[in-house]
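Here are a few notes to read with the model open beside you. Take them one at a time and find each spot as you go.

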Amino acid sequence: MLTYSFAGTGSDSLYEHLYKCIRNDILCGNLSMGEKLPSKRNFAKNLGISTITVENAYAQLIAEGYIYSIPKKGYFVSDIHTILPVEQMHPFEEDNDSSSSIDNPSMIQKADMEESLHFAVDFTSNQTDSEYFPFSIWSRLIRELLSDSQQKLMINPPCGGILELREAIARHLKDFHGLHVSPEQIIIGAGTEYLYGILIQLLGFDKKYAIEDPGYHKIAKIYNSHNVDCDYIAMDDSGIRISELEEKNIDVIHISPSHQFPTGITMPIGRRYELLGWASKVPSRYIIEDDYDSEFRLTGQPIPTLQSIDVLEKVIYINTFTKTLASTVRISYMVLPKHLVKAYYAKLQFYSCTVSNFEQYTLAAFINKGHFEKHINRLRIHYHDKRDMLLQCIKSSPLSNHVTIKGEDAGLHFLMKIDTELTDEIICQRAAAKGIRIMPLSKYYYHPEKAMQHILVVNYSSLTQEQMTEATQAFNEILG
């Protein structure tokens, strides 16, 4: 029977500590592939903890792909150690000093005529509710800066952004994501679209880039607008297919492994190591990790980033504040591997930082004074309630007999599979006729012949309870 000590757990809850203990034993090889873990009840009794603590730890390990369950048989260790050499598979150590994001991932631009239409219910909107933006705190911080920091507000920032904000982001990444990076590795930019362009200049116009299929169309448009070779990589249930990266001679792959848009797939640990193994084979290969909505995992802990297990400096981490603050706040950042930091300043130092000092200092103060963490917690509760409200609307209506929900535990959207003979086009046309705007998963594919049908992408972030009820009733009528 596995035994762990619960002395000195620090700030971790009991289930977090247990999760980390089991995870590290798997990564170190103390628990081997296929090995059966103790039952929840026996494990809890042996450790002197509650069954729910073990259950939560197992749930997090399953979410990250370290273990899997077989009904009526138990929990087993996944196969992750045949992918990379053991020396490259390090646990997420607290003292590790090694050194995307999609701004509006739930909205595809349509023709101008369709954009001008008014929809009573919009399942593609990413607009932030004004009542949930911290206006009073934000305005107070601005007033304090204008009063006390006039001189530094007028000094041009370094090309990578002001140090105070980069230090604040580095601390946030350590506390929330387990990333140990230096402020110098962080580059601030006005939106991830700008940072994508910077990365193309840094990594090279001669490289072959790739994105996920299905995926967010705007990313492809950005790469194509820079006249670089860009291809699309198909996905399976674990994320992008590594074999296609090899077949298509990809140099740089742009992915969102913690919560892929639009499928909602979380890339398991085995596929992550396989991807790092692919990148390690050729010096010019890199992975752009777009972590656009990682703060909104509604069940369990945040999924550890790909960058946190990268020991060969192959991962470029990108995130944004447009999801956590507002879609109109154009502040994003990227974390470069240390060797690319030198290349960035040698090649691109002539660029001025594209975010104003006023915004940077305000955001730094917002993070440093603890407001950002409280704001995220408030939003997470708010979106959790919204999601539950919509799911309850569906469950309590005849619509529940026609649909299956998938991917509802993370991010601000989920997938709704419909049991119907209607085409995606007809479903969306009938919805539009009733004042409802919604997009099918099939519209996010770059290769239509590979598209999955009868699945709708449901973004609920900006909906009211009345709109949810109205939409549920409308879909009941559409599906008969």
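1. Start on the outside. Keep in mind that this is a predicted model. Leu146, Met154 and Phe358 together make a nonpolar surface patch of about 310 Å².

2. Now pick out one member of that patch. Leucine 146 sits in helix 5, which covers residues 135-148. Is leucine 146 buried, exposed or partly exposed? Its relative accessibility is 40%, so leucine 146 counts as partly exposed, given that the partly exposed class lies between 20% and 50%.

3. Next, have a look at helix 12, residues 338-348. Its buried residues are Leu340, Val341, Tyr344 and Leu348. Looking down the helix axis, you'll find these buried residues within an arc of 110°, so they line one face of helix 12. The general rule is handy here: an α-helix has 3.6 residues a turn, so residues three or four places apart point the same way.

4. What do the buried residues of helix 12 pack against? Their partners are strand 4 (186-189), helix 8 (192-203), strand 9 (286-290) and strand 10 (315-320). Flip to the face turned away from the buried side, and you meet the exposed residues Lys342 and Ala346.

5. Finally, zoom out. The chain has 16 helices and 16 strands, and 57% of its 480 residues are buried. Its C-alpha atoms fill a box of roughly 60 × 60 × 50 Å along the principal axes. The radius of gyration is 23 Å, which agrees with the value near 23 Å for a compact globule of 480 residues. About 20,800 Å² of the chain is exposed, with carbon and sulfur atoms supplying 51% of that area.

Definitions and conventions:
Residues are numbered from 1 along each chain as its sequence is written. This is a predicted model: local features need pLDDT of at least 70, side-chain atom pairs count only at pLDDT 80 or more; totals for chains, interfaces and linings use all residues. Side-chain values use heavy atoms; hydrogens and water are left out. Buried means under 20% relative accessible area, exposed over 50%, partly exposed in between (1.4 Å probe, protein chains only). Helices (H or I, at least four residues) and strands (E, at least two) are DSSP runs, numbered from the N terminus. The arc is that of the directions from the helix axis to the C-beta atoms. Contact means heavy atoms within 4.5 Å. Patches are made of residues with over 30% relative accessible area and no salt bridge: like charges are joined within 9 Å, nonpolar side chains (Val, Leu, Ile, Met, Phe, Trp, Tyr) within 5 Å. Accessible areas come from the Shrake-Rupley method with a 1.4 Å probe; for residues, only the protein chains shown count as cover. A salt bridge is a side-chain nitrogen of Lys or Arg within 4 Å of a carboxyl oxygen of Asp or Glu. The radius of gyration is taken over C-alpha atoms; the globule rule is 2.2 Å times the number of residues to the power 0.38.
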